[in-house]
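Colleague: Got a minute to go through this model with me? I'd like to hear the reasoning behind the labels.

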Amino acid sequence: MDLGALEEVMADFCMRSPLNFVPELDTIQIFDSPLVGIANVDDQLFEKLKETDVVGPQHLSPRQWLPNGQAVISYFLPFTQKVRTANRTMGLPAREWLYGRIEGEQFNNALRKFMTEWFAKAGYEAICPALDPRFTVTNRRSNWSERHVAYIAGLGTFGLSCSFITAHGSAGRLGSIVVTKEIAATPRYYQNIYDNCSFCGACILRCPPLAINEKGKDHNVCASYLDRVLAKYKPRYGCGKCQTGVPCEEKIPQKRQSNIT
Ligand code: SF4
Ligand code: SF4
């Protein structure tokens, strides 16, 4: 089993699952095929995530989730062009984005479950930490950070807005699976955690509650804005203005020097 085979299985599920389509919105497709990366469970960076200024001591290593684990499969599901372009307006989130955020995560959970069962059928154990009863989030810090895991698995780096910028951009959702199957790790093509961000500052201007500045994102301001969106659109919420209508929406931005003074 190689990376290509995994990408094929997951891409096929994306096309077949009815959960990846929204009947209320002209049956638009939520996600394109995923970008997949592999991390070795013994990668030293997993220990680094336990440091207080990274994720924190509560972050569990792959073998704490699955003692015989060998590899971590991390994937990025890019939102389709229809979902992304609908959200390029300023202000309130597009309906397409709200469905992508909530129904999209239901599809993501279905993909996690499907892959767990797919590995079981092939004779391997697999666990998706995000679906495991041990998964917790306290004060917005989880014991399994999909973004940090994606960084280790060679999928991309962080951006000024705290989004995660992959070769297919930042507008999308992440997921991961720990498996007992050995799979070759994906080389990381970057050295630093912000290598894929051009520091163009476009996300600063896109953020409705001004949660982003040249130093990064104020998570409290963003969260309280999302609460207000939830109050308006319950049960859906989301924003994603910092991931759409920006140079890193669907690709790694070209310009790498800072525009922010
Ligand atoms: S919009 Fe520009 S500054 Fe903001 S995360 Fe994307 S590349 Fe970085
Ligand atoms: S999700 Fe919305 S509120 Fe939060 S940082 Fe991005 S643009 Fe700002």
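Colleague: Where does Asn-139 lie?

Modeller: Asn-139 is in the loop between strand S6 (137-138) and strand S7 (141-142). Keep in mind that this is a predicted model.

Colleague: And what is notable about phi of Asn-139?

Modeller: Phi there is near 50 degrees, which is a positive value in a residue other than glycine.

Colleague: Okay, on to the helices. Why are H1 and H5 called oblique?

Modeller: The axes of H1 (residues 3-16) and H5 (residues 95-121) cross at roughly 135 degrees and come within 11 Å. Roughly perpendicular covers 65 to 115 degrees, and roughly antiparallel needs an angle over 145. The crossing angle of roughly 135 degrees fits neither, so H1 and H5 are oblique to each other. The crossing is right-handed, by the way.

Colleague: Which residues in H1 and H5 meet?

Modeller: From H1 you have Leu-6, Val-9, Met-10, Phe-13, Cys-14 and Arg-16, and they meet Phe-107, Ala-110, Leu-111, Phe-114, Met-115, Trp-118 and Phe-119 in H5. The contact residues split into 12 nonpolar, no polar and 1 charged. Arg counts as charged, so the charged one is Arg-16.

Colleague: How do you know that Asp-12 forms a salt bridge with Arg-16?

Modeller: The cut-off is 4 Å between a side-chain nitrogen of Lys or Arg and a carboxyl oxygen of Asp or Glu. For Asp-12 and Arg-16 the closest N and O atoms are 2.8 Å apart, so the pair qualifies as a salt bridge. They sit 4 residues apart in helix H1, which means about one helical turn separates them. The structure holds 13 salt bridges.

Colleague: What surrounds ligand 2?

Modeller: The shell is made of Cys-207, Pro-208, Pro-209, Ile-212, Lys-217, Cys-222, Tyr-225, Cys-239, Gly-240, Lys-241 and Cys-242. By class, that gives 8 nonpolar, 1 polar and 2 charged. Gly counts as polar, so Gly-240 is the polar one.

Colleague: Where is Cys-222, and what does it touch?

Modeller: Cys-222 is in helix H8 (residues 219-233). Leaving out residues up to four places away in sequence, Cys-222 touches Ala-211 and Lys-217. Cys-222 and Cys-207 are 15 residues apart in sequence, with 8.7 Å from C-alpha to C-alpha.

Colleague: Last one: is the peptide bond from Lys-234 to Pro-235 cis or trans?

Modeller: That bond is cis, with omega near 10 degrees. Pro-235 itself is in the segment after H8.

Technical notes:
Residues numbered from 1 in each chain as written. Chains lettered and ligands numbered in written order. Predicted model: local features only at pLDDT ≥ 70, side-chain atom pairs only at ≥ 80, totals over all residues. Heavy atoms only, no water. Axes fitted to C-alpha atoms, helices over the stretch in contact; angles between N-to-C directions. Helix = DSSP H or I, 4+ residues; strand = E, 2+ residues; numbered from the N terminus. Parallel < 35°, antiparallel > 145°, perpendicular 65-115°, else oblique. Left-handed = near helix turned anticlockwise from the far one by under 90°. Contact = heavy atoms within 4.5 Å. Near = heavy atom within 4 Å.
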